[in-house]
Amino acid sequence: MGFTARDETLEHVDINEIKRLIPHRYPFLMIERVFNIKHSESAVGLKNVSANEPHFEGHFPAAPVMPGVLIVEAMAQTASVVVVRSLELADKGLLVYFMSLEKTKFRRVVEPGDQLELHVSVVRNRGKVWKFWGEAKVEGQIAAEAEFTAMIQDPPA
């Protein structure tokens with residue numbers, strides 16, 4: 001399969017378009033909007049953290065905290081939108097899988113009522129393999145950061 005990136009900037013992608021681009025659904029769809037998409041370069045995802053999310057029942061009932069792995073997943077979903085939009089792969093049923101996660105740090109608790117901004121930038125892309133730097137921010141403060149690599153694959157048969 002050959003991939004060719006296009007160079008163009010979009011204002012934003014709403015939830016309906018996100019569902020065309022990535023296969024995630026409730027309760028695992030972690031982003032509601034993606035802004036400032038710069039094809040093959042960067043984007044900013046948006047996650048409104050709600051007390052109604054199922055992980056808060058057990059993490060932690062008396063003091064709910066969004067699990068760090070879900071913050072990283074939200075960054076990865078934002079990155080997936082960048083890949084799929086850049087390579088014009090919407091509606092093709094392809095998946096973007098984690099390959100590695102490095103330099104991950106959690107710096108601030110994320111709680112219900114917070115709004116996460118998920119800033120992702122392409123570090124490198126080589127065909128099917130893309131490496132990103134991501135920062136999740138709440139009110140301008142970094143809550144989490146990570147470098148991660150993902151690969152585009154056909155879905156299992």
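What is the volume of the largest cavity? About 30 Å³. Hold on to that number while I show you around. One thing to say up front: this is a predicted model.

Okay, the cavity. The structure holds one cavity of 30 Å³ or more. Its lining is made of L21, I22, P23, H24, S80, V84, L94, L95 and V96. Two elements, α2 and β4, give two or more residues each to that lining. Sorted by class, you get seven nonpolar residues, two polar ones and no charged ones around the largest cavity. If you're wondering how anyone finds such a space, rolling a probe the size of a water molecule over the atoms shows where empty space is left.

Now the pockets. The largest pocket holds about 190 Å³ of space. It has 15 lining residues, and H24, S80, V96, Y97 and F98 sit nearest its centre. Keep an eye on three of those names: H24, S80 and V96 also line the largest cavity. So which elements supply at least two residues each to the pocket lining? They are α2, running 68–86, β4, running 95–106, and β7, running 141–153. The top contributor is α2, with six residues. As for class, the lining of the largest pocket has eleven nonpolar, three polar and one charged residues.

There's a second largest pocket too, with about 160 Å³ of space. Find Y26, P27, L29, M30 and E32 in your sequence, then K47, S50, N52, E53, P54 and H55: those residues line the second largest pocket. Here the split is five nonpolar, three polar and three charged.

Next, the core. In soluble globular proteins, nonpolar side chains tend to be buried together. In our model, the largest nonpolar core has 41 residues, and I31, M66, L116 and F132 touch the most other members. At least two core residues come from each of α1 (15–21), β2 (33–38), α2, β5 (115–126), β6 (129–138) and β7. Which element gives the most to this core? That's α2 again, with eleven residues.

Let's zoom in on I31. Skipping anything up to four places away in sequence, I31 touches I15, I18, I22, L46, A74, Q77, T78, V81 and L118. One of those, I22, is also in the lining of the largest cavity.

On to the strands, and mostly to β7. On one side, β4 and β7 are paired antiparallel over nine bridges, and K105 stands opposite E145 in β7. β6 and β7 also run antiparallel, joined by ten bridges. Those two strands make a hairpin with two residues between them, and E139 in the turn has a positive phi of about 50°.

Last stop: E147, which lies in strand β7. Is E147 buried or exposed? It counts as buried because its relative accessibility is 11%, and the cut-off for buried is under 20%. Who's around it? Leaving out neighbours within four places in sequence, E147 is in contact with S100, L101, E102, K103, V123, K131, F132 and W133. Two of those names deserve a second look. W133 stands opposite E147 in the strand pairing, and F132 is among the core residues that touch the most other members.

To wrap up: α2 gives the most to the lining of the largest pocket and the most to the largest nonpolar core, while β7 pairs with β4 and with β6. Thanks, everyone!

Notes
Residues numbered from 1 in each chain as written. Predicted model: local features only at pLDDT ≥ 70, side-chain atom pairs only at ≥ 80, totals over all residues. Heavy atoms only, no water. 1 Å grid on protein atoms, 1.4 Å probe; cavity = no way out; pocket = protein on both sides within 12 Å on 5 of 7 lines; lining within 4 Å. Points joined across faces, edges and corners; volume = space filled by probe spheres on them. Helix = DSSP H or I, 4+ residues; strand = E, 2+ residues; numbered from the N terminus. Nonpolar A, V, L, I, M, F, W, Y, C, P; charged D, E, K, R; others polar. Buried < 20%, exposed > 50% of the residue type's maximum accessible area, 1.4 Å probe, protein only. Contact = heavy atoms within 4.5 Å. Core = buried A, V, L, I, M, F, W, Y, C linked by side-chain atoms within 4.5 Å. Pairing = 2+ DSSP bridges.
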